[in-house]
Amino acid sequence: MRASYKRLFLFASVLSLLVFSPLSGAEGEAAEMPADTVTDDYSLQGANTCLGCHADQVTAAIFSTKHAQRADDRTPFGDGNTQCEACHGPGGEHIKRLKRGMAAKDRPSMPYWGSASTASTAEHNQQCMTCHQQQVGLHWAGSVHDVEDTNCADCHKLHATHQAVLRPETQAAVCYTCHLEQKANAQKPYAHPIRLGRMACTDCHNPHGSAAEFALVKNTLNDTCYGCHQEKRGPLLWEHAPVAEDCSNCHEPHGTIHAGMLKRTAPLLCQSCHSQAGHPSIPYTASGLAGNPNPSQYLLGGSCMNCHSQVHGSNHPSGANLMR
Ligand code: HEC
Ligand code: HEC
Ligand code: HEC
Ligand code: HEC
Ligand code: HEC
Ligand code: HEC
Ligand code: HEC
Ligand code: HEC
Ligand code: HEC
Ligand code: HEC
């Protein structure tokens, strides 16, 4: 950003454009800028140059966002900053009069977020990082989204009056454009209340990356859950080993078809780790050997939990078998 360089841009002139001019499309070629409006490839009149052709509602909505706070020197529209070009890069050839015979669609692209921009994702993101390194944080570099070439603008719509991704009620829809499995799970009957807008993906994940696996907001998976389900943390006299180890041994936090958001129902859930020996839960065949005289108590209702109700651990002095 060239701090020495004062803009002629006046906020009032933008407002008048919005209020008084018919809303033209991006094609508004009428206000063709002469070549001498460019210095060091940046436009001389900042946003005024751009708005000469881009006074449409979508583009102009940026003036109702935090980025257009002119009193804040840190914003693109703050004193001495390059306004639209702080994000889109220098206007250069894009803002010049078209050469004879060129069609509007042949207009050279803006360097960043233009239809024909050739910059890489990392170069695009760097435009934002010049101002946002600190907020995005140290974990972005090397995070899955960084490595998978996710663009800041895949999640952040800078020209929107309200950014959907920043609001719990609308955030998930942004994530679902890429995360179809989580979208499907969230619609299942047993799920965290994301569908209702009462929870967001960011209650558990940091989309800019984190020190934890799966970009979770806390150091471990269990710590993430304890954030809201404190009572499961203990300390407990009798721990159930897989609970203290990892809640996702039994739960799928994005939603399932089984009550309690379980990955599968008991007894199968329990028997994925515990042998049936000594605890037969299947009715043995007529020719069967040691059958369970009353298998239904293992299969109906709470199944194993009919007796082992304290599946998350017990504080009862004689709760070693998680029955009280
Ligand atoms: C002389 C008119 C004119 C000026 C001045 C102008 N643009 Fe454009 N701009 C256009 C046209 C026409 C298109 C559509 C080109 C196309 O469809 O390929 C366009 C496209 C764009 C796009 C890509 C939009 C898309 O749909 O892909 C961006 C971003 C953009 N302009 C930003 C700017 C910025 C920022 C400025 C000011 C520095 C600016 N423009 C100045 C005429 C102009
Ligand atoms: C804070 C960064 C930022 C600033 C400032 C900014 N833009 Fe954009 N612009 C973007 C990004 C990112 C996109 C890609 C799509 C999106 O996020 O909505 C974009 C998209 C566009 C488009 C494509 C289509 C559309 O209308 O959504 C045009 C045209 C455009 N910008 C023009 C401008 C003009 C003119 C200005 C100044 C008045 C401006 N931009 C200021 C980041 C910015
Ligand atoms: C010239 C510096 C600058 C550039 C370039 C810039 N921003 Fe910002 N951005 C700011 C400032 C300053 C704020 C306001 C911070 C505040 O109010 O605390 C802001 C706010 C935001 C916010 C929060 C908005 C809200 O409504 O709470 C997001 C998200 C954001 N920027 C993303 C981006 C992205 C993505 C880009 C690149 C397309 C970008 N910014 C480019 C300076 C910049
Ligand atoms: C996968 C989606 C996603 C991507 C990619 C992404 N962000 Fe964000 N960003 C978010 C979400 C969601 C929030 C809100 C976080 C919250 O509420 O805890 C956010 C918040 C922000 C904020 C506001 C932080 C604050 O404290 O107010 C800024 C600034 C920001 N992002 C910049 C960026 C920049 C720059 C990039 C590109 C390097 C980027 N983001 C990439 C999803 C994303
Ligand atoms: C209640 C906490 C929680 C919420 C809310 C949540 N997640 Fe997750 N997410 C997790 C945990 C824990 C994992 C670790 C692996 C697992 O158990 O699936 C994970 C893993 C993931 C993964 C990686 C999956 C893989 O197998 O690599 C993606 C992608 C993901 N979540 C996306 C989302 C999206 C998108 C949302 C919002 C719609 C969301 N998550 C909401 C807790 C949550
Ligand atoms: C433009 C596509 C895109 C969008 C939008 C997007 N993601 Fe992702 N995300 C990916 C890709 C690609 C991966 C890696 C493959 C996978 O795990 O599905 C990923 C991985 C993840 C992971 C696993 C991280 C890890 O370290 O294993 C989480 C968690 C995640 N995304 C959360 C989110 C959240 C929350 C949002 C919305 C705020 C979001 N994503 C939006 C593309 C996207
Ligand atoms: C931001 C708070 C929050 C976090 C973090 C959180 N949960 Fe939840 N959890 C909730 C809320 C809210 C409910 C729904 C309670 C209700 O509907 O009455 C819930 C419900 C549940 C349920 C019961 C579902 C049912 O159908 O009865 C399970 C199981 C669960 N969470 C597991 C987890 C796991 C595992 C994690 C960590 C990966 C986790 N939660 C992280 C808030 C949270
Ligand atoms: C060994 C399997 C298993 C593990 C591991 C496990 N749970 Fe559960 N969880 C269950 C079962 C089974 C139910 C259903 C209980 C019922 O139906 O009575 C349940 C129910 C829940 C519920 C809803 C009812 C209640 O008790 O509040 C929450 C919340 C919950 N678990 C959170 C967690 C958290 C947090 C962790 C990790 C600390 C965790 N669970 C680890 C098996 C497990
Ligand atoms: C991911 C594997 C796993 C799952 C699933 C699992 N358990 Fe366990 N369970 C263990 C381990 C490991 C121990 C500790 C065994 C030991 O210390 O010898 C244990 C111990 C127990 C104990 C005895 C307490 C003790 O320390 O000996 C009971 C009772 C029990 N589990 C019941 C259940 C029930 C009921 C379910 C289904 C809701 C279940 N378990 C699901 C791994 C699992
Ligand atoms: C009718 C009540 C009842 C039901 C239902 C039940 N158990 Fe048990 N379980 C017990 C009793 C009583 C003990 C203690 C046995 C002992 O100390 O010899 C026990 C002990 C255990 C132990 C501790 C290790 C051992 O063998 O001593 C495990 C593990 C266990 N049960 C798992 C399960 C699983 C998995 C299910 C579901 C398939 C289940 N139980 C269903 C009553 C029940």
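## Shell around ligand 3

Helix α5 contributes the largest share of the shell around ligand 3, with 4 residues; helices here are DSSP runs (H or I, at least four residues), numbered from the N terminus. Both α4 (84–88) and α5 (121–136) supply at least two residues of this shell. The structure is a predicted model, in which local features need pLDDT of at least 70 and side-chain atom pairs count only at pLDDT 80 or more, while totals for chains, interfaces and linings use all residues. Residues are numbered from 1 along each chain as its sequence is written, chains are lettered from A and ligands numbered from 1 in the order in which they are written, and side-chain values use heavy atoms, with hydrogens and water left out.

Around ligand 3 there are 19 residues, of which His67, Arg74, Cys128, Cys131 and His132 come nearest; a residue is near a molecule if one of its heavy atoms lies within 4 Å of it. The shell divides into 9 nonpolar, 8 polar and 2 charged residues, where Ala, Val, Leu, Ile, Met, Phe, Trp, Tyr, Cys and Pro count as nonpolar, Asp, Glu, Lys and Arg as charged, and the others, Gly among them, as polar. A polar side-chain atom of Lys66 lies 3.5 Å from an oxygen atom of ligand 3.

## Iron site of ligand 3

His67 (NE2) and His132 (NE2) are the protein donors of the iron atom of ligand 3, at 1.9 Å from it; donors are N, O and S atoms within 2.8 Å of the metal (3.2 Å for Na, K and Ca), and water is not among the atoms, so sites may look incomplete. The pair links distant parts of the chain, with His67 in the loop between α3 (57–60) and α4 and His132 in helix α5, 65 residues apart.

The arrangement is octahedral because the 6 donor atoms subtend angles of 87 to 180 degrees at the iron atom of ligand 3; six donors count as octahedral if opposite donors are over 155 degrees apart and all others between 65 and 115.

## Iron site of ligand 4

The iron atom of ligand 4 has His156 (NE2) and His208 (NE2) as protein donors, lying 2.0 to 2.1 Å from it. This pair also links distant parts of the chain: His156 lies in the loop between α7 (152–155) and α8 (168–176), and His208 in the loop between α9 (180–186) and α10 (221–226), 52 residues apart. The site is octahedral, with angles of 86 to 179 degrees among its 6 donor atoms.

Definitions and conventions:
Polar contact = N/O pair within 3.5 Å; in protein donor to acceptor, adjacent residues only side chain to side chain. Tetrahedral: all angles 85-135°; square planar, octahedral: opposite > 155°, others 65-115°.
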